Amino acid sequence: MVAIVVAEKPSAARNMASALGGTKGRYKDTVYEVASLRGHLYEFVQPHAMVDSSLADTYQKWDLGNLPWNPQDLSWKREPQKKDANVIKALRSALGRGDEIVIATDLDPSGEGDLLFWEAIDELGFHGKRFSRMEFTDESKASIRKAFEQRRPVRAMQDEGGYRKAMYRSQWDFLSMQFTRIATAMGRQSGQDLVLRQGRLKSAMVSLVGDQQNAYDAYVKKPFFQNRFRDENNVLYTNPDEPQCEQRGQVPQRYGPSAVVLDSKTDKRTAPPKLLDLASLSSMLVGKDVKANLTLSTYQKMYEDQVVSYPRTEDKTITPEQFKDLAPLVDTIAVVVGVDAGLLTHRQPRSTHVKTRGAHGANRPGPKVPSSLGEVERKYGKAGRLIYEMLAKNYLAMLAEDYLYEQQKGHVEKYPDFVGIASVPKSPGWRTVFDPDAGDDADEGDGDESGKGLGQNAEPFTFEGANKRPEHPTMKWLMKQLEKSDVGTGATRTSTYSEVTNDKAKYPLLIEKDRKLRLAQAGEMSWRLLPGTHIGDLGLTEKVYADMRDIAAGTATAEERLAVVADWVREDIVTMTKNAASMRAELGLKERVGAARVEGVWQAAPGGPKKAAFKKIWSGHEFSDDEVAKLLAGETISFEVRPKADKPFTVTGALGVGDFKGRRFVGFQLEGLDKPTKWSGRTFTPAEITVLLAGQALEIDNFVSARTGKTFGCKVRWDAKAKKIIPDFGSGDEPPRSWCQVTFTDAQRKDLAAGKTIEGTGFVSAKGKTFDARISWKEEGGTKKIVPSFG
């Protein structure tokens, strides 16, 4: 009998082979062979390919009338990932040689390891085999051998709770594509042809960043003044009941100098910061100008070379075996990253960092230690050097002693309600090795850190404070919020963040500038559409996870829990429709009435007659039945339009295939005229082309500079003689719609036009620097323009 051990990925297969004695052989009377997946070898096909041919058109079109989908219509058909053809071929061959197939994929809480194994078995048709399950806490040799010896018999795919819950989550996320179609439809009805991608994690990111950005932008500083004391060591003494005054002159001068009374001294300690996951690591690297996508790609290369550990782990601790495996390498790693090994005196496992649970363990250095950081940089670049240095120092800090300090508490003798606290460092411990951002990961003590402690005498003074401004959203801030809400794993958060901030993407949701986050145009619209929706609810992931637990336990079925998605889609259509009206008002957009569509056989279609559908209204003109018939017959027609012009404008054209932002469509196409089609990274809509051909100017705020890649707005008109677009950057009488990548509201433009000065935040300079300023609309040098002031 031959047992085929199926690992989740090539690196795991190497570990299995190392533990059992080779890629194939005999281990304790069992003949085995190690085979490998490479993550998910198969993926779901598009929705229209999952349904009966009679429904295909309905599931392919992005019309709200075709929603919600019925999960029972879907076959959940998969297709192989093209890049994994060789992996699939090798796996099929190995499975054919086995009498027993051993599931050796990860035992992660989400059941993902079970899903990717069973989907391969399902697609390759090996359900008739004998199956067993290896259950291991980590990939150490001892754990692998024990798991192989004690493997658990498995009857069938549907008997495994891990598979059932992971399949449910996968199906749920597939159905969530409907929410993208809803949001995108609302955007298009508002004249914005963007794909507004939604999902449990994407929508959570947009909601969090949008709310925080709004709070930051809406902040109004409210100063206050209050009596406090300060001693000669700069320690503050405060009374929580002391009144706060709006003006400095209102603060009563009723206190005088006084001695300080020391009430207590207490020795305190803090343990090293927790071990890193990929989200925490990437957040720190963003502060060193390393983008999330570069962190992901560089880390993957380093992992494949075994320089660092597995990237996509959910663990934040390591197992005793993993601690033991890395122990002999600690001193060598310390030399590479410049840490004094003499500081690493806590060589026993810490209960806060080492636990008997998990699989891959937290991110940490790998078994292959480089000779130097210079070697790392030569092979993996600056990002690789930073990754290794940060991971290594974080891990080594666990082996240093606790940070020790003395907490001193005291009060002002004459006015005992005024209390001061000082933290006096006694031994830096792990902080000498790795100190991430002064205490984000550990409590460093209360009060002021002072090498001198409390002073002897305190002087009263008038303290000037203010309400704290909300923190500007950053990647680090966002990852903390997602972790608090338990939305996604560290690795998934990082990969999704990389996707939604990718400035090369067609419709990014977030913009990352100078380590700060703001909503991109698609994100801004999504944020305004999400309030009150199911897909925008941060508790949605918790609901999905609760469903997964019930499905794994057998107290619920995926069919039951997926059925509710249809109701959520219906409700979110209603909610987003209401939100879209507010969005248009706030962003100064106009509702674009959806044109009726006509269908028929297009006789002049490329490749021969075929069925086609196109909009019946073009630039305000509704085609008559006769015009529709002529268009379908391939004839050219002419008609007049009046797009806000004093004189009608005649256009001529025929049915044709157009391309708008990468999407091909059938529709009326102008003929016989040189016409504007695109300018500065933006393709004009047919209606906009008509306006330009009529000699009118258009005000558009989402052009893209070819030189800087930045978004800007201006008025444009079409010079028919020169056959080119002429821009107007705000020399007219009205304020522009945007300035320095910030779009103004109608109210702000109204105030500017009235000569008022307004507060502005989040502007981005030509060099990419974010700044705040007071701005006004003034005439300078004979031209009206936005004038900032920074006083």
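**Exercises on a predicted model**

In this predicted model, the hairpin of β9 and β10 has four residues between its strands, and asparagine 234 there takes a positive phi near 70°. Let's work outwards from that hairpin.

**Exercise 1.** Work out which strands pair with β9, and whether β9 is largely enclosed by the rest of the structure or not.

*Solution.* Start with β10 (residues 236-237): two bridges tie this strand to β9, in the antiparallel sense. Here arginine 230 sits opposite leucine 236. Next, look at β15 (residues 457-466), which runs antiparallel to β9 and is joined to β9 by nine bridges. One pair to find there is phenylalanine 224 with its bridge partner glycine 465. Finally, check burial: seven of the nine residues of β9 (residues 223-231) are buried, so the strand is largely enclosed by the rest of the structure.

**Exercise 2.** Decide how α6 and α18 are oriented towards each other.

*Solution.* First get the numbers: α6 (residues 161-175) and α18 (residues 558-587) pack at about 15°, and their axes are 10 Å apart. Angles under 35 degrees count as roughly parallel, so α6 and α18 are roughly parallel to each other. Their crossing is right-handed. Now see who touches whom: Tyr168, Gln171, Trp172 and Leu175 of α6 meet Ala558, Arg561, Leu562, Val565 and Trp568 of α18. Sorted by class, that's seven nonpolar residues, one polar and one charged.

**Exercise 3.** Find out whether methionine 475 is buried or exposed, and what surrounds it.

*Solution.* Locate methionine 475 in helix α14 (residues 475-484). Its relative accessible area is 1%, so methionine 475 is buried. Beyond its neighbours within four places in sequence, its contacts include Ala279, Val286, Tyr497 and Leu517.

Definitions and conventions: Residues are numbered from 1 along each chain as its sequence is written. This is a predicted model: local features need pLDDT of at least 70, side-chain atom pairs count only at pLDDT 80 or more; totals for chains, interfaces and linings use all residues. Side-chain values use heavy atoms; hydrogens and water are left out. Axes are lines fitted to C-alpha atoms, for helices over the stretch in contact, and angles run from 0 to 180 degrees between N-to-C directions. Angles under 35 degrees count as roughly parallel, over 145 as roughly antiparallel, 65 to 115 as roughly perpendicular and the rest as oblique. A crossing is left-handed if the near helix is turned anticlockwise from the far one by less than a right angle, and right-handed if clockwise. Contact means heavy atoms within 4.5 Å. Ala, Val, Leu, Ile, Met, Phe, Trp, Tyr, Cys and Pro count as nonpolar, Asp, Glu, Lys and Arg as charged, and the others, Gly among them, as polar. Buried means under 20% relative accessible area, exposed over 50%, partly exposed in between (1.4 Å probe, protein chains only). Two strands pair if DSSP finds at least two bridges between them.
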